[in-house]
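Colleague: Before accepting any description of this structure, I should like to hear the grounds for each term. May I put some questions to you?

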Amino acid sequence: MKIYLKKLGIAIMAVSMLTGCDAVQNANKTQKGAVIGTAAGAVLGGIIGNNVKNKNSALGAVIGGVVGGVAGGLIGKKMDKQAQKIESEIPGAEVTRVGEGIDVVFDESSGVYFDTNKSNINAKSKTNLNKLAGIFKEYPDTNIIVEGHTDSSGDDSYNMTLSQKRANAVTEYLVSQGISRSRLTTYAHGETLPKYDNSTAEGRAKNRRVELGIVANEKMKQDAQNQVKQ
């Protein structure tokens, strides 16, 4: 599993400058969350935030929800378990632990995908979304950001609408499987946030994706802070 801030190398360098490179790299997952939260809260809120192209994104929401300190380390430990479960039950999903949250990417090779120009959820996608809903029920103290993306083919406005339909389809399906709507926030980005090279067929296929951000809700944050006080 890819551990925290894989996508943001500049942030890792900034954190290392504040905390000491060896301390961060040799820490376990929970300790990393605490170290980053304690020593680099300003970095996460500033430098990292400036490197997220759109704050209304899964990754932006994960970073924006940082608590920091020992409480953040406790939250990170719970997120480790949830991330591991997602990765083990949904092979092919790109699961990345980022700070105190989780970033999950589903593309055409990972079992939650859409046919070309379609937004309906197919049978294979339903199977994997059922597994995902089950995991979300095991970890009820998290909120989920669902965002849709497309490749650069076609008209910009069409792609934005299509990405919205796909994100909405995933959200509605999770609700139909018993996930509270209050836990879900949906965004559409069309072709504006590519992760791969749109000049290649492989890159375009990977950019046709749904991305999830999983963050602590207020209860999880308060529970962690209360545990620190005890």
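Modeller: Please do, bearing in mind that this is a predicted model. Helix 10 comprises residues 218–229, twelve in number, and spans 17 Å from its first C-alpha to its last.

Colleague: What makes that span close to the one expected for helix 10?

Modeller: At 1.5 Å a residue, the expected span is 16 Å, and helix 10 reaches 17 Å.

Colleague: Why are certain residues of helix 10 placed on the same side?

Modeller: The buried residues are Met220, Lys221 and Ala224. They cover an arc of only 100° around the axis, and therefore lie on the same side of helix 10. On the other side, Glu218 and Lys229 are exposed.

Colleague: What covers the buried residues of helix 10?

Modeller: The covering elements include helix 6 (69–89), strand 4 (142–148) and strand 6 (210–216).

Colleague: What makes the approach of Asn217 to Lys219 a polar contact?

Modeller: The cut-off for a pair of N or O atoms is 3.5 Å. At the start of helix 10, a side-chain oxygen of Asn217 comes to within 3.1 Å of the backbone nitrogen of Lys219, so the pair falls under that definition.

Colleague: Which residues touch the most other members of the largest nonpolar core?

Modeller: They are Val104 and Leu212, in a core of 35 residues. Among the elements giving two or more residues to this core are strand 3 (101–106), helix 7 (123–138), helix 8 (156–176) and helix 10. A second, separate core has seven residues, including Ala58, Leu59, Val62 and Ile63.

Note on methods:
Residues are numbered from 1 along each chain as its sequence is written. This is a predicted model: local features need pLDDT of at least 70, side-chain atom pairs count only at pLDDT 80 or more; totals for chains, interfaces and linings use all residues. Side-chain values use heavy atoms; hydrogens and water are left out. Helices (H or I, at least four residues) and strands (E, at least two) are DSSP runs, numbered from the N terminus. The expected span of a helix is 1.5 Å times one less than its number of residues. Buried means under 20% relative accessible area, exposed over 50%, partly exposed in between (1.4 Å probe, protein chains only). The arc is that of the directions from the helix axis to the C-beta atoms. Contact means heavy atoms within 4.5 Å. A polar contact is a pair of N or O atoms within 3.5 Å; within protein, one must be able to donate a hydrogen and the other to accept it, and residues adjacent in sequence count only if both atoms are side-chain atoms. A nonpolar core is a set of buried Ala, Val, Leu, Ile, Met, Phe, Trp, Tyr and Cys residues joined through side-chain atoms within 4.5 Å.
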